[in-house]
Amino acid sequence: MVSFQYVLKDVEGKVLETSAQEDPTVYLHGHNGMLPALERELAGATAGTALNVTLSQPYGPNHPDSIQRIPLKHLHAKKKPQPGTVVVVRSKEGLRQVTVLKVGKFSVDVDTNHPFAGMDLTFEIEVLDVRQATPEELAHGHAHGPGGHQH
Ligand code: ZN
């Protein structure tokens, strides 16, 4: 079980995402809970390991023909989303992030590309802790406790 903090940047060095100070990212190594390329880089990491990894399109290419109209009720959102926001929808492949383009009365047009599709990304990672997974976590295939599932 690896917990780490990260800063995600594009190739120009613009910060796209950071993990919150008090809420590190935790994942179960070896169970596909992470970008595979990043998981490979983290193999053998210990507390204090610092990595600076640039990946070529880790979220895949940007597909131009990926605009879909979906019913509003399929969105995991409490209220109507705003164009430009990223929302989560349930699809055949599981939950996925999409970007809202246009909002109608009963449906929304979304771009199903991952927000970072088509981009080369740099991850600056600092590993905080590495510990053995509990039998329950191994059975579920994900982390429990702070930073993981709370169920
Ligand atoms: Zn669980």
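This report walks through a zinc site, the nonpolar cores and the salt bridges of one structure. The model is predicted.

## The zinc site

Four histidines hold the zinc ion: H140 through ND1, and H142, H144 and H151 each through NE2. The coordination distances run from 1.9 to 2.2 Å. The angles between the four donor atoms span 95 to 123°, so the arrangement is tetrahedral. Along the chain, the donors follow the pattern H-x1-H-x1-H-x6-H. H140 belongs to helix α2, residues 135–140, while H151 sits in the segment after α2. The two are 11 residues apart, and the pair links distant parts of the chain.

How exposed are these two histidines? H140 has 37% relative accessibility and therefore counts as partly exposed. H151 reaches 62%, so H151 is exposed.

## Around E137

E137 also lies in helix α2. Its relative accessible area is 2%, so E137 is buried. Beyond its neighbours within four places in sequence, E137 contacts M1, L28, R131, H142, A143 and H144. Among these contacts, H142 and H144 are also zinc ligands.

The side chain of E137 makes two polar links described here. One goes to the side chain of R131, at 3.0 Å. This pair is also a salt bridge. The other goes to the backbone nitrogen of T134, at 2.9 Å. R131 has 33% relative accessibility, so R131 counts as partly exposed.

## Salt bridges

The structure has four salt bridges. The table gives three of them, with the N to O distance for each.

| Pair | N to O distance |
|---|---|
| E124 and K9 | 3.0 Å |
| R69 and D109 | 2.7 Å |
| E137 and R131 | 3.0 Å |

Start with E124 and K9, whose closest N and O atoms are 3.0 Å apart. E124 is in strand β9 and K9 in strand β1, so this bridge ties together parts 115 residues apart in sequence. E124 counts as partly exposed because its relative accessibility is 28%.

Next come R69 and D109, at 2.7 Å. R69 lies in strand β5, residues 67–71, and D109 in strand β8, residues 107–111, so the pair joins parts 40 residues apart in sequence. Are the two partners buried or exposed? R69 has 58% relative accessibility, so R69 counts as exposed. D109 has 12%, so D109 counts as buried. Salt bridges also link R69, K102 and D109 in a network.

## The nonpolar cores

In soluble globular proteins, nonpolar side chains tend to be buried together. Here the largest nonpolar core has 17 residues. Which of them touch the most other members? They are F4, L38, L42, F123, I125 and V127. Four elements each supply at least two residues of this core: β1 (2–10), α1 (36–42), β4 (50–55) and β9 (121–130).

F123 shows how this region is packed. Leaving aside its neighbours within four places in sequence, F123 is in contact with V7, L8, L35, L38, L51, N52, V53, L55 and P58. A second core is separate and has nine residues, including I70, L75, V87 and V108.

## Bringing the parts together

Strands β1 and β9 appear twice in this account. Both supply residues to the largest core, and the bridge between E124 and K9 also joins them. Helix α2 appears twice as well. This helix holds the zinc ligand H140 and the buried E137.

Methods. Residues numbered from 1 in each chain as written. Predicted model: local features only at pLDDT ≥ 70, side-chain atom pairs only at ≥ 80, totals over all residues. Heavy atoms only, no water. Donors = N, O, S within 2.8 Å, 3.2 Å for Na, K, Ca; no water. Tetrahedral: all angles 85-135°; square planar, octahedral: opposite > 155°, others 65-115°. Buried < 20%, exposed > 50% of the residue type's maximum accessible area, 1.4 Å probe, protein only. Core = buried A, V, L, I, M, F, W, Y, C linked by side-chain atoms within 4.5 Å. Contact = heavy atoms within 4.5 Å. Salt bridge = Lys/Arg side-chain N within 4 Å of Asp/Glu carboxyl O. Polar contact = N/O pair within 3.5 Å; in protein donor to acceptor, adjacent residues only side chain to side chain.
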